[in-house]
Amino acid sequence: MKNIILVAGATGSLGEKICRELHQRGAGVRAVIRPESDPEKVSALKEAGIEILVTDFNNPSQLETACSDVSCVVSALAGLQETIVEAQDQLLDAAVKAGVPRFIPSDFCTDYTQLPEGCNRNFDLRKTFTGLAEKRPIRLTSVFNGAFSYVLRFGIPILNTKEQSIAYYHGKENWKIDFTSLEDTAAFTAAAALDDDAPRYLRIAGFSVSPEDLVGLSEKVFGTPFQLQNQGSMEQFLDTIQKVRKSNPEGEQELYPAWQQMQYLYSMFAAHHHETDNGRYTGLTWQTAEEALR
């Protein structure tokens with residue numbers, strides 16, 4: 001029987017790519033779409049051969065119907081408490097009631113199992129959902145991809161093209177930071193969704209580079225070696241983040257306030273993969289660091 005994979009968050013950048021990768025692998029792909037979703041993105045999914053189900057997440061029967069005859073649910077939802085914890089839990093509950101055997105939560109990020117509570121708000125929300133999900137009779141698989149490689153184009157401190165500088169923290173100039181492109185993450189996730197034997201955790205990295213590595217890469221790509229800049233200790237950085245967060249309470253209702261972006265940078269230097277599962281599936285190609293910078 002043909003695998004049917006349900007994808008939530010299909011109109012997002014990652015979710016849309018997961019749908020297309022699944023379709024290319026011959027799976028039946030069903031996307032649950034909220035009524036307020038962008039019509040153009042929904043039309044693009046339909047044209048790609050994706051089955052669309054407009055679903056109210058607050059309607060359990062609709063969600064359960066959407067999950068019927070599904071072999072795996074993939075969540076690519078993005079948001080705060082209302083989405084990552086509450087909406088995902090509603091989806092998970094429907095999957096369990098419909099007898100879906102497997103669920104891939106929206107854990108596409110740094111391996112937060114290595115991080116203590118409080119150092120990344122958005123990761124803490126995923127930990128909260130994990131605590132709920134692990135009590136349910138369904139098999140979970142989380143895909144940890146490090147950071148998405150496109151962030152290197154945003155002039156973040158780790159690679160500031162305007163100032164031609166590369167930030168690092170005390171003792172971390174050779175720390176390997178994991179990056180994976182959206183496309184590579186989607187391809188791997190599609191393979192994992194079709195893998196009935198996928199383990200609880202899968203860790204991938206298209207490439208892993210240190211600040212020292214980025215000096216050489218910056219010269220190769222931009223023609224001049226960017227300068228390393230020591231930003232102090234990780235403890236000092238965490239203290240600064242906490243102060244900025246405290247002074248910006250309205251940021252608690254925003255997905256990416258300035259202090260959350262700082263938390264992501266902190267996480268890059270606080271956790272990384274000791275080994276990866278890149279080789280678990282055949283036929284995958286991986287974006288290199290040089291390709292990402294170019």
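Here are some questions and answers on helix packing and aromatic pairs in this predicted model.

Q: Why are α1 and α6 called oblique to each other?
A: The axes of helix α1 (residues 13–24) and helix α6 (residues 182–193) cross at roughly 50°. Angles under 35 degrees count as roughly parallel and 65 to 115 as roughly perpendicular. The value of roughly 50° falls in neither range, and α1 and α6 are therefore oblique.

Q: What makes up the contact of α1 with α6?
A: On the α1 side you will find S13, L14, K17, I18, E21 and L22. They meet L182, E183, T185, A186, A187, T189, A190 and A193 in α6. By residue type, the contact has eight nonpolar, three polar and three charged residues. The axes come within 8 Å, and the crossing is right-handed.

Q: Why do α4 and α5 count as roughly parallel?
A: Helix α4 (residues 81–97) packs against α5 at an angle of about 20°. Anything under 35 degrees counts as roughly parallel, so α4 and α5 earn that description. Their axes are 9 Å apart, and α4 passes α5 in a right-handed crossing.

Q: Which residues make the contact between α4 and α5?
A: From α4 come Q81, I84, V85, Q88, D89 and L92, and from α5 come L125, R126, T128, F129, L132 and A133. Seven of the contact residues are nonpolar, three polar and two charged.

Q: What makes the aromatic pair of F103 and F129 tilted?
A: Their planes are 40° apart, whereas stacked needs under 30 degrees and edge-to-face over 60. The ring centres are 6.0 Å apart, and the limit for a pair is 6.5 Å. F103 sits in strand β5 (residues 102–104) and F129 in helix α5 (residues 121–133), so this pair links parts 26 residues apart in sequence. Both F103 and F129 are buried.

Q: Why is the pair of F148 and Y150 called stacked?
A: The angle between their planes is 10°, and stacked means under 30 degrees. Centre to centre, the rings are 5.8 Å apart.

Q: How do you know whether F148 is buried or exposed?
A: F148 has 14% relative accessibility, and the cut-off for buried is under 20%, so F148 counts as buried.

Q: What about Y150, at 28% relative accessibility?
A: Buried ends at 20% and exposed starts over 50%. At 28%, Y150 therefore counts as partly exposed.

Q: Which residues form one aromatic cluster?
A: Y169, F237, Y266 and F269 do. The structure holds 14 aromatic pairs.

Notes
Residues are numbered from 1 along each chain as its sequence is written. This is a predicted model: local features need pLDDT of at least 70, side-chain atom pairs count only at pLDDT 80 or more; totals for chains, interfaces and linings use all residues. Side-chain values use heavy atoms; hydrogens and water are left out. Axes are lines fitted to C-alpha atoms, for helices over the stretch in contact, and angles run from 0 to 180 degrees between N-to-C directions. Helices (H or I, at least four residues) and strands (E, at least two) are DSSP runs, numbered from the N terminus. Angles under 35 degrees count as roughly parallel, over 145 as roughly antiparallel, 65 to 115 as roughly perpendicular and the rest as oblique. A crossing is left-handed if the near helix is turned anticlockwise from the far one by less than a right angle, and right-handed if clockwise. Contact means heavy atoms within 4.5 Å. Ala, Val, Leu, Ile, Met, Phe, Trp, Tyr, Cys and Pro count as nonpolar, Asp, Glu, Lys and Arg as charged, and the others, Gly among them, as polar. Buried means under 20% relative accessible area, exposed over 50%, partly exposed in between (1.4 Å probe, protein chains only).
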